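Dear colleague,

Please find below the structure I promised to hand over. My findings follow it.

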Amino acid sequence: MDAPSGWIIFACSIAFASASFFEVRYPSVVVSAETGGNLTIAAGPNGGNIYMTPGDRGTVFIGRTDMLKLFQIVNSQPPVWGQKAPYGTLGTFLGGQAVSLQLTAMDPEGTSLHYEKISGALPPGVFLDRASGLLNGTAPDVDATYEFGIRVMDEQGKYADQTFTIDTRERDQCRSSPCKNGGSCTDDMGTFSCSCRTGYGGKTCTISCASESVGVANNLKTIPDAQMAGHYSFGGSDHKAYEGRLNSPTGWIGENTNSWFQVDLGNPRKVYAVATQGYSATFNLLTFQLQCSLNGNTFSDVNGLNGTAAVFDGSGTSFNTVTKQTLPVPDLCRYIRFVPKTWTNSHPGFRVEIYACEDF
Ligand SMILES: [Ca+2]
Ligand SMILES: [Ca+2]
């Protein structure tokens with residue numbers, strides 16, 4: 001070609017002297033008809049073929065339609081599921097178990113696929129990765145069968161639907177023996193409860209109730225001042241009821257055997273033990289009794305094993321010694337009263353802590 005940008009116009013344009021052309025317009029070739037004119041390409045009779053061969057990576061357009069792509073779509077086969085029967089279960093999972101399930105499908109043409117949930121419900125906590133077809137997550141802790149439809153679609157929009165199920169089973173939360181110290185376990189939906197042996201408390205019976213202070217002690221003060229009361233208190237400003245806390249620098253001082261010192265636990269708890277200290281060498285506690293109430297009005301004695309009011313020892317003149325006493329029979333109390341019985345001098349004086357568990 002020695003005139004690459006030139007036009008070579010063939011005779012038809014000369015013959016009709018208007019707009020029908022066979023043009024070589026480098027590097028393209030253009031065949032066009034004039035207004036209302038048809039373009040006919042006809043092969044010869046007896047098996048004459050018409051060949052259109054686009055170039056490498058090229059295609060054939062009619063109007064704006066890419067014919068090769070159209071043929072591809074027409075000829076494309078829908079994807080084929082790898083998983084077998086419809087309504088096939090993908091597996092059974094225990095509550096809390098990891099779920100990782102690969103849905104498998106392939107396109108006969110090898111185009112890439114994407115996955116879509118079109119019906120039903122996946123188990124809560126399990127999700128579909130639409131690009132990979134991976135079902136991923138954690139099984140819910142319920143007895144259930146989840147049925148759902150998944151559509152897999154190829155790049156040509158051809159698709160295949162499949163229905164699946166996933167079964168989940170509520171886990172036996174008692175399997176791992178969560179209840180300690182001889183507690184017995186009751187399984188529940190997604191959880192468990194422990195029935196603890198006497199002396200133990202807490203969700204898993206790990207609390208030793210006789211060591212579980214309710215927080216009267218001066219360094220804890222979980223029990224607020226307002227929940228501490230004294231009856232027939234000895235006069236004076238430095239030994240109010242709210243000072244009757246274990247290891248307080250002062251303490252509570254009573255008047256006589258009609259006096260009592262009371263702690264409101266705020267809610268009923270099973271009381272297992274109490275501890276006392278005296279107030280001083282002068283105001284101390286030799287022996288005392290305990291009373292218990294759920295309503296703050298009606299009190300009953302804390303009894304010994306013989307069924308009569310138990311008498312407990314305080315530390316007497318060794319007044320700073322913490323003397324801990326275990327109740328012979330643990331008692332459910334919201335209000336607990338310390339009733340001084342004997343002391344060495346004019347008045348009983350003491351400080352306390354209480355040990356109890358929430359009553360499960
Ligand atoms: Ca296909
Ligand atoms: Ca369970």
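Six donors count as octahedral if opposite donors are over 155 degrees apart and all others between 65 and 115; four count as square planar under those limits too, or as tetrahedral if all angles lie between 85 and 135 degrees, and anything else is irregular. Donors are N, O and S atoms within 2.8 Å of the metal (3.2 Å for Na, K and Ca), and sites may look incomplete because water is not among the atoms.

This is a predicted model, in which local features need pLDDT of at least 70, side-chain atom pairs count only at pLDDT 80 or more, and totals for chains, interfaces and linings use all residues. Residues are numbered from 1 along each chain as written, chains are lettered from A and ligands numbered from 1 in written order, and side-chain values use heavy atoms, without hydrogens and water.

The calcium ion (ligand 1) has protein donors from Ser76, Gln77, Asp107, Glu109 and Asp154, at 2.2 to 2.9 Å. Its six donor atoms subtend angles of 49 to 173°, so the arrangement is irregular. Asp107 is buried at 3% relative accessibility, and Asp154 is buried at 4% (buried: under 20% relative accessible area; exposed: over 50%; partly exposed: in between; 1.4 Å probe, protein chains only).

For the calcium ion (ligand 2), the protein donors come from Glu170, Arg171, Gln173, Asp187 and Asp188, at 2.0 to 3.1 Å. Their spacing along the chain is E-R-x1-Q-x13-D-D. Arg171 is partly exposed at 29%, whereas Gln173 is buried at 16%.

Yours sincerely
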